[in-house]
Amino acid sequence: MWKIESLAQYNQLIDRAEQQGFALTNCFFLPAAVQKKVEDGTLYGLEVGSGLLLLDDNGGFYRCYYYLSPQGKPDRLTLDKNAVIEFPFNGKMGERQRQQVSLIDRMGFRLGRESGMMSAAPTALIGHGQAQERCSGAQSRDAEGIMALLTGCFNPMYAFLPDRKALSDAIDQGRVLVVREGDRVAAALVSGFEKRIATVNQVAVDPDYRRRGYAGALMRTYHSLYVGRAASFRHWVDINNVPAVNMYLGLGYTFSLRRANEYIM
């Protein structure tokens, strides 16, 4: 394993992988994201039989991206940390997808979570109305409480949790909503907005304050922020998380064909 020191080195690795016929990939990095990972010193390369792995060091685990040969037979990996591979696909798995899963399995990864995208047009949203009285925009002083809430509610191997700077930027841009109980952040929602698509990145409720309707209130307030600007609302959800799925269905969302399974080692 070696650290990738520059964007040029990264591009050379990818070019060589493509020239060698490593056509099976889950890699969808944008140049700006690669540059940040290189600058932070978190991106590593690893040759695996007939293929290349990119390991993004998230502290306690690696998030893995691959370029593999369709004829390859990679060996079982031995790493110094747990690892996760996100595997996006549309609709049912075809032969190409099954081939990739077979290679992932050979390296030692096993299915951990199955996610699906739920989406809604603004006209399909149910009861978005006005912002909910209990919800408000997060302030800088809320950042520590929101980080504690997110890390306590989500497994970081499955959730793309923001770091402190990214969360602070989202708060400054008005993309974070909270419900407070006194000085405590009882619930929070982090949203995104790009190319007229509104997204929920994370929505979390402190276990001590669940079953009070806070998640639904945050969602309706989130809708009120973007109705009139967004052409579509989207959110990834664990398809086995029945309460969350039911909440989104009740708000007017439906499942799309897009899926993203996570495989862990």
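Let's start with two neighbours in a sheet: strand 11 and strand 12 run parallel and are joined by three bridges. Within this pairing, T199 has R234 of strand 12 as its bridge partner. Everything described here comes from a predicted model, so please read each value as computed from that model.

**Around strands 10, 11 and 12**

Strand 11 (residues 197-205) also has a partner in strand 10, and here the two run antiparallel, joined by eight bridges. One of the matched residues is F193, whose bridge partner in strand 11 is A198. Strands 10 and 11 form a hairpin with two residues between the strands, where K195 takes a positive phi near 55°.

Strand 12, for its part, pairs with strand 7 in the antiparallel sense over six bridges. In that pairing S119 has R234 as its bridge partner in strand 12. R234 is thus a residue to look for twice, as the partner of T199 and as the partner of S119.

Strand 7 (residues 110-120) has another antiparallel pairing, with strand 13 (residues 254-264), over eight bridges. There, S115 stands opposite A260 of strand 13.

The table gathers these pairings, along with two more that we will come to below.

| Strands | Sense | Bridges |
|---|---|---|
| Strand 7 and strand 13 | antiparallel | eight bridges |
| Strand 7 and strand 12 | antiparallel | six bridges |
| Strand 10 and strand 11 | antiparallel | eight bridges |
| Strand 11 and strand 12 | parallel | three bridges |
| Strand 1 and strand 3 | antiparallel | two bridges |
| Strand 3 and strand 4 | antiparallel | five bridges |

**Aromatic rings**

Now for the side chains. A pair of aromatic rings is described by the distance of the centres and the angle of the planes. With ring centres within 6.5 Å taken as a pair, the count comes to six aromatic pairs. In one of them, F193 and Y226, the ring centres are 5.1 Å apart and the planes stand at 20°, so the pair is stacked. F193 belongs to strand 10 (residues 184-194) and Y226 to helix 6 (residues 214-226), so this contact ties together parts that are 33 residues apart in sequence. The two rings differ in their surroundings: F193 is partly exposed, at a relative accessible area of 31%, while Y226 counts as buried, at 3%.

A further pair is made by Y222 and F233, with ring centres 5.7 Å apart and planes at 90°, so this one is edge-to-face. Y222 lies in helix 6 and F233 in strand 12 (residues 232-238), so the pair ties together parts that are eleven residues apart in sequence. Y222 is buried, with a relative accessible area of 0%, and F233 is buried too, at 0%.

Ring pairs link F193, Y222, Y226 and F233 into a cluster. A charged residue joins the picture here as well: R229 lies over the face of F193, at 5.1 Å from the ring centre. Elsewhere, the charged end of K81 sits over the ring of Y62, 5.3 Å from the ring centre.

**Strand 3 and its partners**

Is strand 3 enclosed or open to the outside? Four of the five residues of strand 3 (residues 43-47) are buried, so this strand is largely enclosed by the rest of the structure. Strand 3 pairs with strand 1 (residues 2-3) in the antiparallel sense over two bridges, and K3 has Y44 as its bridge partner. Strand 3 is also joined to strand 4 (residues 51-57), again antiparallel, by five bridges. In this pairing L43 stands opposite D56. Strands 3 and 4 form a hairpin with three residues between them, and G49 in the turn has a positive phi of about 60°.

**Helices and a loop**

The axes of helix 4 (residues 143-153) and helix 5 (residues 164-172) come within 10 Å and cross at roughly 120°. These helices are therefore oblique to each other, and their crossing is right-handed.

P31 is found in helix 2 (residues 31-40) and is exposed, with a relative accessible area of 57%. Its C-alpha atom is separated by 10.0 Å from that of Y10, which is 21 residues away along the chain.

Finally, S69 lies in the loop between strand 5 (61-68) and strand 6 (82-90). This serine counts as buried, at 10% relative accessibility. S69 and S50 are 19 residues apart in sequence, and their C-alpha atoms are 5.7 Å apart in space.

How values were computed. Residues numbered from 1 in each chain as written. Predicted model: local features only at pLDDT ≥ 70, side-chain atom pairs only at ≥ 80, totals over all residues. Heavy atoms only, no water. Phe/Tyr/Trp six-rings, centres within 6.5 Å; stacked < 30°, edge-to-face > 60°. Buried < 20%, exposed > 50% of the residue type's maximum accessible area, 1.4 Å probe, protein only. Lys NZ or Arg CZ within 6 Å of the ring centre and 35° of its normal. Pairing = 2+ DSSP bridges. Axes fitted to C-alpha atoms, helices over the stretch in contact; angles between N-to-C directions. Parallel < 35°, antiparallel > 145°, perpendicular 65-115°, else oblique. Left-handed = near helix turned anticlockwise from the far one by under 90°.
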